[in-house]
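Here are a few exercises to work through with the model open beside you. Take each task first, then compare your reasoning with the solution.

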Amino acid sequence: MGLVEQVQESNRIVQHFKPGGSTAVPSNVAYRLKKIQKLGILKGKWLDCGCADGGYTVALVDAGAESAVGVDVVEERIQQAKEREKDHPAVKFFHLTNDDLPFPDASFDGVMMNEVLEHVTDEVHTLREILRVLRPGGHLVIMSPNRWFPFEGHGMHIGERVFEFPIPILPWLPSKIGQQFMFARNYWPSEMRDLVNRVGFSVWKVDFVWPIFEVWPWLPQPVIHQYRKILPVIERTPFVRRFGVSVFLVAQKR
Ligand SMILES: C[S@@+](CC[C@H](N)C(=O)[O-])C[C@H]1O[C@@H](n2cnc3c(N)ncnc32)[C@H](O)[C@@H]1O
């Protein structure tokens, strides 16, 4: 059995995870897009896989891509996203009826998955589809929950009982235990790197994104303000930097 098949055989193919909601609040979009922009890869045609209401799709074009296509498996989200098309002619949205991407091989210069990989039914299938629709040399950017971050941001369930707030320590429990209570996957940075490499990409950067706390309004505003000011220092500090909320991985199609 090959490595990819081993990953598929494991418990990482799921049928019951929640699809997850839009994370496209303005400060988060600006912070994350700047990270991608700095890499100098935002050119040509991009795919926003799992675009929800399309906030990041539009931002891809604003940040340098010539055009962008957003796709999502939830039809209502695509209907919302389509509202943006009239003001943004370089952006188009399509509803996916299954996990295949309805595009020819080598259609895109770049693909972004922002907080999506942890929700898909079959990680390997989705990544293989992305590999197929990328042109050789094209880039994949993934941001997905980091297991070093000590809170599970999707909440948790114990049987039928649902807890919709960040749960401390859950990401640090052994996977076999933690996954029984979780609504989405999470990744050690090395685990995500191995997965993406195995599918056939070359991973060239594994970094972290930190929370912006725009959607945690109960935190005191002066604390958030100070935190954002020192964020660039936190992001550069050895050891500490790994505790970011999500892994930020950049890979290339060989
Ligand atoms: C947490 S939301 C993130 C949405 C958006 N990227 C953002 O950051 O605002 C995850 C999205 O992925 C979508 N999704 C789940 N599985 C998918 C798949 N196989 N292909 C495309 N989208 C998928 C969900 O419907 C949901 O809108």
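**Exercise 1.** In this predicted model, find out which side chain of opposite charge is nearest to Arg 147, and decide what that says about a salt bridge.

*Solution.* Start with the location: Arg 147 sits in the loop between strand 5 (134-145) and strand 6 (151-152). Next, look for a partner. The nearest side chain of opposite charge is that of Glu 191, 4.8 Å away. A salt bridge needs a side-chain nitrogen of Lys or Arg within 4 Å of a carboxyl oxygen of Asp or Glu. Arg 147 is therefore buried without a salt bridge. Finally, list the surroundings: leaving aside neighbours within four places in sequence, Arg 147 is in contact with residues including Trp 172, Tyr 187, Trp 188 and Glu 191.

**Exercise 2.** Repeat the analysis for Asp 48, and find which side chain makes a polar contact with that of Asp 48.

*Solution.* Asp 48 belongs to strand 1 (residues 45-49). Asp 48 is buried and has no salt bridge, the nearest side chain of opposite charge being Arg 84 at 8.7 Å. Now turn to polar contacts: the side chains of Asp 48 and Thr 57 are joined by one of 2.7 Å. Beyond four places in sequence, the contacts of Asp 48 also include Tyr 56, Leu 60, Val 69 and Met 112.

**Exercise 3.** Work out how many residues of helix 3 are buried, and what they pack against.

*Solution.* Helix 3 covers residues 55-62, and six of its eight residues are buried. Those six are Gly 55, Tyr 56, Thr 57, Val 58, Ala 59 and Leu 60. They pack against helix 2 (26-37) and against strand 1, strand 2 (67-72), strand 3 (91-95) and strand 4 (108-114). Follow the chain just past helix 3 and you meet Gly 64, with a positive phi of about 140 degrees.

**Exercise 4.** Explain why Cys 49 and Cys 51 do not form a disulfide.

*Solution.* Check burial first: Cys 49 counts as buried at 6% relative accessibility, and Cys 51 is buried too, at 5%. Then check distance. The closest cysteine sulfur to that of Cys 49 is in Cys 51, 8.6 Å away, which is too far for a bond. The cut-off for a disulfide is 2.5 Å between the sulfur atoms. The disulfide count comes to zero.

**Exercise 5.** Which residues does UniProt list for "domain: Methyltransferase type"?

*Solution.* The unreviewed UniProt entry gives residues 47-142. In the model, the end C-alpha atoms of this span lie 12 Å apart, and the span is 28% helix and 31% strand.

Methods
Residues numbered from 1 in each chain as written. Predicted model: local features only at pLDDT ≥ 70, side-chain atom pairs only at ≥ 80, totals over all residues. Heavy atoms only, no water. Helix = DSSP H or I, 4+ residues; strand = E, 2+ residues; numbered from the N terminus. Buried < 20%, exposed > 50% of the residue type's maximum accessible area, 1.4 Å probe, protein only. Lys, Arg positive; Asp, Glu negative; His and termini not counted. Polar contact = N/O pair within 3.5 Å; in protein donor to acceptor, adjacent residues only side chain to side chain. Contact = heavy atoms within 4.5 Å. UniProt positions renumbered as here; feature names shortened; annotations may be inferred.
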